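Colleague: I have not looked at this one before. Can we go through it together?

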Amino acid sequence: MENLWSDSEAKGMNDLDSLVYMSRLIGANTELVVWGGGNTSIKVTEPDIAGNDIEVLKIKGSGSDLKTIRHNQFAHLRQADIVPLIERKDMTDEDMVDYLDKCMLDPKNPRPSVETLLHAFLPFKCVAHSHADAIVSLTNNVDQQKVLTDVYKGNMGLVEYIRPGFLLSKLVGEQVIQNPNLRGVILAKHGLFTWGDTAKEAYDRHIDLVTEAETYLKDHQIKTLTHGHTHDLDPDKQKSLVEILTPMMRGLISKTSKKVLKYDNSKEIMNFLSYQESPELSQIGPATPDHLIHTKQKPLWVELDKSGDSNAMYTSLKTQLDDYAINYDKWYEQHTSGSDIKLDPFPRVILIPQLGMWTTGKDAKATTITGDIYHHTINVMTKSEGISSFISLSDQDAYDMEYWPLEQYKLTLAPPDKDLASKVALITGAANGIGKAIAATLATEGAHVFLTDIDETKVQEVVEELKDTIDPLRISGCSMDVTNQQSIKESYSQLIRQFGGIDILVSNAGIAPDGAIDTLELADWQRSLDINTTGHFLVASHSLRIMKSQDTGGSMIFIGTKNIPAPGAEFGAYSVAKAAEGQLARIIALEGGEFGIRANIINPDAVFQGTNLWSDKIKEARASAHGIDVTKIEEFYQNRSLLKKPVFAEDVAEAALFLASDRSSKTTGAMIPVDSGVKEAFPR
Ligand code: ZN
């Protein structure tokens, strides 16, 4: 493993600076830690609030990620209050958390890591802890003792697996105090601790010990996993099976709570799926307790009928998912102490040979973390098998970790989900105006949003803009032509692979050609019908098929216009095509009702800002149709309304949010004006 420490970069850094620098070096290497794993600390002498010099332990705060950690994400604690705890016999997790709360010097800092006691008990200035793949590969095998002696010749401490907490900290602390010359301590099936007088020393030792483990694994590899007989699927067949299967899978695992899915057919995953040993190997368990929190103890390995017959696929998938959930329930009953909050029984990782891996979770962050972690689980399993036979936590240890009181406590503290949490929305015409405002509003309320627009550059700009303020993993998009079935198919394929399906369609893309009927060109008439009617039909029809396959309902929102109930002269191509869109929405309400799929229409009027619809040409044309000066057009529309207020894209987005969420769960086939009150356009 490459040592990335740069003396020139670290020059002139104070203690905390160098700790931050070292933490980021560790965090950036996914072979050491993934997503929030690992922790680091430093002990410094500083004046307390009264000006007296005291020893302060600065340790990574809970909930931060080493890769991006900042100075203010470290908790500061009074070290002298923590050290004597090592004399105690035991301490519950709750008492430990309470005690540490009271040792904090600044309540504005985040809560300290759950491994704080361990850092405090080590009598060294700087401490680093990771879950390095190579170290875990040495301990997660039946020959652990021999392997560790071979590699480290007795200069390394070892503590057999117990859950993080007081006892683990005490055991490690006592071992190190008795053997101050150890090079580090390995926690079996968990990770590595190193220390030093400086951040550089702790880091150097860490990298050295991991490198020695890597070299050993390479030099002592006695076997490789065997490729099975299954051939690679034709990529088109694989793609089409994934498109059929994923929404079904999403629906089946969303019975208890809504999930999103992420699909992965990277080379590493496809290789693992092809090994003869993998069906059994995958069922042994996670590499570390930290991994288990995200992946559960076992993934679901599915043997699927790949004939392409969707009924047969559905039945075999459902049976295996149901079996997984039943077995999970049994496992819970066997190991629970009675008071635990039972977690969702469905798998976090689903593996299907020849097709790939799906990770499941409440949002895209969860599916991404789980996916990244499973790549490392594969790495550890493969390496452990290379030198011996992979082993994992016992059943009870796995249960105790998944139902760790501290994790359960976090559940009770979690804020309530936002209205659109775990939901996926696709928006057409999202590069500006109403589409963009709706995308931003739905994303702010927790939805995963997939923006599409004919203008590829512009839609990517908006995607990047939204990512500045909203979790970037929940925002995606691509170019899509609503009149082209192939283009729609490709966009939905991407949507399905990223998020697993769709719950909300905002069918918004449109154009506004003007012209009197006697002079209107056929091509302009036709183009309006293609986009303003057929475009909505194609996108809605595609969405309906996916929603039906998920079988978890859905909401379709059609952006209509005041012209549906109140058409405008010299605006025929637009008004006629949009009226057909309105009728289409009502037909979908009729056909979708029995599947819990709702369809509603929003009729905005005179939304001038940020829109492509109101080009200068259209403004001129509408001004002339109303017999007014073009500079007065916004004022004209405002004054003809009952409320005499301008209408903004954000106003339309508010109505879309209502229709997208369960707040409107009893509303379908409705037409809601957002026009400041145009009495001619009252829906009837
Ligand atoms: Zn750890």
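Colleague: Let me start with a side chain. Is R163 buried, partly exposed or exposed?

Modeller: R163 counts as partly exposed, at 27% relative accessibility. Keep in mind that this is a predicted model.

Colleague: Which side chain does R163 meet in a salt bridge?

Modeller: That of D93, with 3.6 Å from N to O. D93 sits in helix α4, while R163 is in the loop between β5 (156-159) and α8 (166-178). The two are 70 residues apart, so the pair links distant parts of the chain.

Colleague: And D93, buried or exposed?

Modeller: Buried, with a relative accessible area of 9%.

Colleague: Why would such side chains pair at all?

Modeller: Side chains of opposite charge can pair when their charged atoms come close.

Colleague: How many salt bridges does the structure hold?

Modeller: It holds 32. One of them joins E212 and R183, whose closest N and O atoms are 2.7 Å apart. E212 belongs to helix α9 (residues 199-219) and R183 to the loop between α8 and β6 (184-187), so this pair ties together parts 29 residues apart in sequence.

Colleague: How accessible are E212 and R183?

Modeller: E212 is partly exposed at 27% relative accessibility. R183 is partly exposed too, with a relative accessible area of 27%.

Colleague: What about further along, which partner does R640 have?

Modeller: R640 forms a salt bridge with D605, at 2.7 Å from N to O. R640 is in helix α24 (residues 633-640), and D605 is in the loop between β17 (597-604) and α23 (616-626). They are 35 residues apart, and the pair links distant parts of the chain. R640 counts as partly exposed at 26% relative accessibility, whereas D605 is buried, with a relative accessible area of 8%.

Colleague: Which residues do salt bridges with shared partners join into one network?

Modeller: K239, E243, K489 and E490.

Colleague: Different topic, the metal. What are the protein donors of the zinc ion?

Modeller: E115 through OE, and H129, H131 and H190 through NE2. They lie 2.2 to 2.7 Å from the zinc ion. Along the chain, the donors follow the spacing E-x13-H-x1-H-x58-H.

Colleague: Where do E115 and H131 lie?

Modeller: E115 is in the loop between α4 (93-103) and α5 (116-121), and H131 is in the loop between β4 (126-130) and α6 (133-139). The pair therefore ties together parts that are 16 residues apart in sequence.

Colleague: Are those two buried or exposed?

Modeller: E115 is buried, at 7% relative accessible area. H131 is buried as well, at 6%.

Colleague: What are the angles at the zinc ion like?

Modeller: The angles among its four donor atoms run from 78 to 171°, and the site is irregular.

Colleague: Last one, D264. Where is it found?

Modeller: In strand β8, which covers residues 260-264. D264 is buried yet has no salt bridge.

Colleague: How far away is the nearest side chain of opposite charge?

Modeller: That is K262, 6.2 Å from D264. A salt bridge needs the nitrogen and the carboxyl oxygen within 4 Å, so K262 does not qualify.

Colleague: What lies 2.8 Å from a polar atom of the D264 side chain?

Modeller: The backbone nitrogen of S266.

Colleague: Which residues is D264 in contact with, apart from its neighbours within four places in sequence?

Modeller: I269, G356, M357 and H375.

Definitions and conventions:
Residues numbered from 1 in each chain as written. Predicted model: local features only at pLDDT ≥ 70, side-chain atom pairs only at ≥ 80, totals over all residues. Heavy atoms only, no water. Helix = DSSP H or I, 4+ residues; strand = E, 2+ residues; numbered from the N terminus. Buried < 20%, exposed > 50% of the residue type's maximum accessible area, 1.4 Å probe, protein only. Lys, Arg positive; Asp, Glu negative; His and termini not counted. Polar contact = N/O pair within 3.5 Å; in protein donor to acceptor, adjacent residues only side chain to side chain. Contact = heavy atoms within 4.5 Å. Donors = N, O, S within 2.8 Å, 3.2 Å for Na, K, Ca; no water. Tetrahedral: all angles 85-135°; square planar, octahedral: opposite > 155°, others 65-115°.
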